[in-house]
Amino acid sequence: MGGCVSTSSRSTCSSRSNGDTVSPSCFCGQKRTRRTFSDHVVSLQHLPSIPNRIFMNGKSRSSCIFTQQGRKGINQDAMIVWEDFMSEDVVFCGVFDGHGPHGHLVARKVRDTLPIKILSFLHSYQSRRDGSNTTCFKGNLRSDGGESEKDCSPEDKLNSIWREAFLKSYKAMDKELRSHPNLDCFCSGSTAVTIVKQGSNLFMGYIGDSRAIMGSKDSNDSTVAIQLTVDLKPDLPREAERIKRCKGRVFALQDEPEVPRVWLPFDDAPGLAMARAFGDFCLKEYGVISIPEFSHRVLTERDQFIVLASDGVWDVLTNEEVVEIVSMAPTRSSAARILVDSAAREWKLKYPTSKMDDCAVVCLFLDGKMDSESDYDEQNFSSATLQSNHSGNAIESDDGQKCEPSLQRNFTVRSSEENDAYGRLAVEADGNGETVAAEDQNWSGLEGVTRVNSLVQLPRFSDERPNPEVL
């Protein structure tokens, strides 16, 4: 079974509840004999039975994923590949990098819940349009805005629907985290980089500093790197301006001038190294938002693969190096593991005195092909299967087993006395603090730079065990 792939296809029947249960729509052009989710009701309780959904080290039909714990305690990264997301030509991929005392729980909660919220939105949209959940969903959708056919092409409508799906699903996800009775997200949060591949269309929504890139052939038939997302750091002009209007402060500590952070207006805490995130509600009134950047790209036959990874990879490897490593992997099923291994080596070489960050990688091969099972077995991936752990009694480990949560303290966290010794850059705040929606940016993402930690002045893990009912 390797890689925690669910292969059963049992049909369930229940009603939608609070956006966590949805009967996904079908797609035009799909034969009823082909596997789809149109006959399934998806909920958190049913996740373990969903076919072709992987979230632990392993591979699927067209992808491989791998994560490795760093040296800061429990692995706070999460990842997912969900093939047959709505039909056989749709794939959902995501990487989520948690931070703060309960960051690992936030990342896993988002991993499990966000895809369902996207499905729920699409199902609700189609129900509103047709009054039925059995009509096909493809590029011939009518928009709810009342636009006429001559004013909006089918491609524009499809793009608009996916944009709204990402925006509303991210908003609903953050709202659920805020009201969660057992998960404290006040000073904990997670990044998210998520993509949906529908045929030749690629839709992307993302917050934080996890990144997606693509390997593509140029005119000389050489594989080149194309960055698909922007690292949403606090010092990017638009992000910094929004945070300042909301009375938040952006500056880097004196001993890490390359790491801009977000601070409360009245205290040198918590020092968040990103401008957008799920959770982190201590900063939501001061400019940190969960509104995703959205983009759409039409894939060509020259596009080879997509890599999603947390910042533990981008801190030490460039886009070009990542593309080269994946291209040179002896087998496709080993590409994610080899990339993480390469990042681990670079951490030791470049930053021998720093604690290596967690690394998580998803490699999606766009031609839909993968290695044979014999090639896969040779890579020594774990064949253990771990069902989704919604009770929170145990934590997923790298080898697919359950273990008790680690309570180690991250010793890169600074004390208040140490922080007082650092010089600070005063930042003036103005405006009424309103939150603005994400729009197209005219700046590009920067290459990854080393970040000592996502948060400062906070322990990585609390001294109390997670509530058994947290997830």
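Strands here are DSSP runs of E of at least two residues, and helices are runs of H or I of at least four, both numbered from the N terminus; two strands pair if DSSP finds at least two bridges between them. The model is predicted: local features need pLDDT of at least 70, side-chain atom pairs count only at pLDDT 80 or more, and totals for chains, interfaces and linings use all residues. Residues are numbered from 1 along each chain as its sequence is written, and side-chain values use heavy atoms, without hydrogens and water.

Select residues 211–217 and 303–309. These are strand 9 and strand 16, which run antiparallel and are joined by 6 bridges. Ala212 stands opposite Leu308 of strand 16.

Now widen the view to the sheet. It is open, with 6 antiparallel strands in the order 2-3-17-16-9-10. Strand 2 (58–59) and strand 10 (223–227) are the edges; each has a single partner strand, so one side of each lacks a neighbour in the sheet.

Add residues 319–328, helix 5. Helix 5 touches strands 9, 10, 16 and 17 (359–365), contact meaning heavy atoms within 4.5 Å. Its direction makes about 130° with that of strand 10; angles run from 0 to 180 degrees between N-to-C directions, and axes are lines fitted to C-alpha atoms, for helices over the stretch in contact.

Next, select residues 335–350, helix 6. Helix 6 lies across strand 3 (63–68), strand 16 and strand 17, at about 30° to strand 3.

Finally, show both helices. Helix 5 and helix 6 pack at about 135°, with axes 9 Å apart. Val322, Ile325 and Val326 of helix 5 meet Ala335, Ile338, Leu339 and Ser342 of helix 6.
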